[in-house]
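Here are my notes on the model, set out as numbered points that can be followed with the structure open.

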Amino acid sequence: MNELLRVPMVEETAEVECADGRRFTGRIFIPATSPVHDGPTRTEEWINEAAAFFPFLTEGGDAVLLNKREVLVLSVTGPAEARTPDEIAESPVRHVKVEAESRRLEGDLVLDMPEHHLRVLDYLNRAEAFLALREGAVLHLIQKERITRVIEVREE
């Protein structure tokens with residue numbers, strides 16, 4: 001009976017930096033299928049779900065529950081193509097610098113938004129708690145409440 005109730009998960013290697021400066025390396029667990037589209041749940045969808053806590057398995061094998069509100073940045077690494085699914089691959093991209101407490105990150109925002117809402121400001125003001133910033137093969141999920149400044153880098 002227990003197996004019937006278990007949700008299939010995909011493990012992802014992740015690094016978590018908490019607001020207090022502590023860092024953890026280990027694994028997160030993402031549902032193998034999405035309830036809203038074909039394929040697995042995207043990491044940015046998972047982190048933006050309503051649940052306040054998530055399980056994290058440290059490199060040392062300790063299972064801990066982390067409070068999303070205390071996560072400054074959660075970073076996962078994988079192929080860039082896997083991080084940008086087909087349904088958003090054609091969306092406009094803006095290169096930005098993000099300052100969140102002690103962290104300074106730079107990367108791309110994929111603006112998967114309606115045509116009349118393609119400003120960085122529109123993307124930042126979405127309801128999700130975490131901002132998805134792509135830096136090559138790394139996806140940084142930054143808690144928006146902790147972001148102090150975003151600078152759009154204009155191409156020359």
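1. I begin with strand E9, residues 138-143, which is mostly covered, since 5 of its 6 residues are buried. Please keep in mind throughout that this is a predicted model.

2. Two strands pair with E9, and both should be inspected together. E5 and E9 run antiparallel to each other over 5 bridges, while the pairing of E8 with E9 is likewise antiparallel and extends over 6 bridges. Isoleucine 142 in E9 is a useful reference point, as it is the bridge partner of valine 73 and also the bridge partner of leucine 131.

3. E8 and E9 form a hairpin that has 2 residues between the strands, and in this hairpin glycine 136 takes a positive phi near 65°.

4. Which residues touch the most other members of the largest nonpolar core? Within this core of 32 residues, they are Ile28, Phe54, Leu74, Leu109 and Ile142, so the residue singled out above for its two bridge partners in E9 appears here again. Strand E5, residues 71-77, supplies the largest share of the core, namely 5 residues. As general background, nonpolar side chains in soluble globular proteins tend to be buried together.

5. The surroundings of phenylalanine 54 deserve a closer look. When neighbours within four places in sequence are left aside, phenylalanine 54 is in contact with Ile28, Trp46, Ile47, Val64, Leu65, Leu66, Lys68, Val71 and Leu74. Of these partners, Ile28 and Leu74 are also among the core residues that touch the most other members.

6. A second set of pairings involves strand E6, residues 93-100. E6 pairs in the antiparallel sense with strand E7, residues 103-110, over 8 bridges, and valine 98 has leucine 105 in E7 as its bridge partner. E6 also pairs in the antiparallel sense with strand E10, residues 147-152, over 5 bridges, where lysine 97 has isoleucine 151 as its bridge partner.

7. The turn joining E6 and E7 should be checked at glutamate 101. These two strands form a hairpin with 2 residues between them, and glutamate 101, which lies in the loop between E6 and E7, has a positive phi of about 50° although it is not a glycine. Most residues other than glycine have a negative phi. Glutamate 101 counts as partly exposed because its relative accessibility is 32%, which falls between the limits of 20% for buried and 50% for exposed.

8. The second largest pocket encloses about 240 Å³ of space. Its lining comprises 15 residues, of which Glu44, Asp112, Tyr123, Arg126 and Glu128 are the closest to the centre. Helix H2 (43-47) and strand E8 (130-135) are the elements that give two or more residues to this lining, and the largest share, 4 residues, comes from E8. By class, the lining has 6 nonpolar, 1 polar and 8 charged residues.

9. Is arginine 126, one of the residues closest to the centre of that pocket, buried or partly exposed? With a relative accessible area of 23%, arginine 126 is partly exposed, because the value lies above the 20% cut-off for burial. Arginine 126 sits in the loop between helix H5 (120-124) and E8. Apart from neighbours within four places in sequence, its contacts are Asp112, Met113 and Lys144. Arginine 126 and lysine 144 are 18 residues apart in sequence, and the C-alpha to C-alpha distance between them is 9.9 Å.

Key:
Residues are numbered from 1 along each chain as its sequence is written. This is a predicted model: local features need pLDDT of at least 70, side-chain atom pairs count only at pLDDT 80 or more; totals for chains, interfaces and linings use all residues. Side-chain values use heavy atoms; hydrogens and water are left out. Two strands pair if DSSP finds at least two bridges between them. A nonpolar core is a set of buried Ala, Val, Leu, Ile, Met, Phe, Trp, Tyr and Cys residues joined through side-chain atoms within 4.5 Å. Buried means under 20% relative accessible area, exposed over 50%, partly exposed in between (1.4 Å probe, protein chains only). Contact means heavy atoms within 4.5 Å. On a 1 Å grid over the protein atoms alone, a cavity is a set of points where a 1.4 Å probe fits but cannot get out, and a pocket is an open set with protein on both sides within 12 Å along at least five of seven lines; lining residues have an atom within 4 Å of a point. Grid points are joined across faces, edges and corners, and a volume is the space filled by probe spheres set on the points. Ala, Val, Leu, Ile, Met, Phe, Trp, Tyr, Cys and Pro count as nonpolar, Asp, Glu, Lys and Arg as charged, and the others, Gly among them, as polar.
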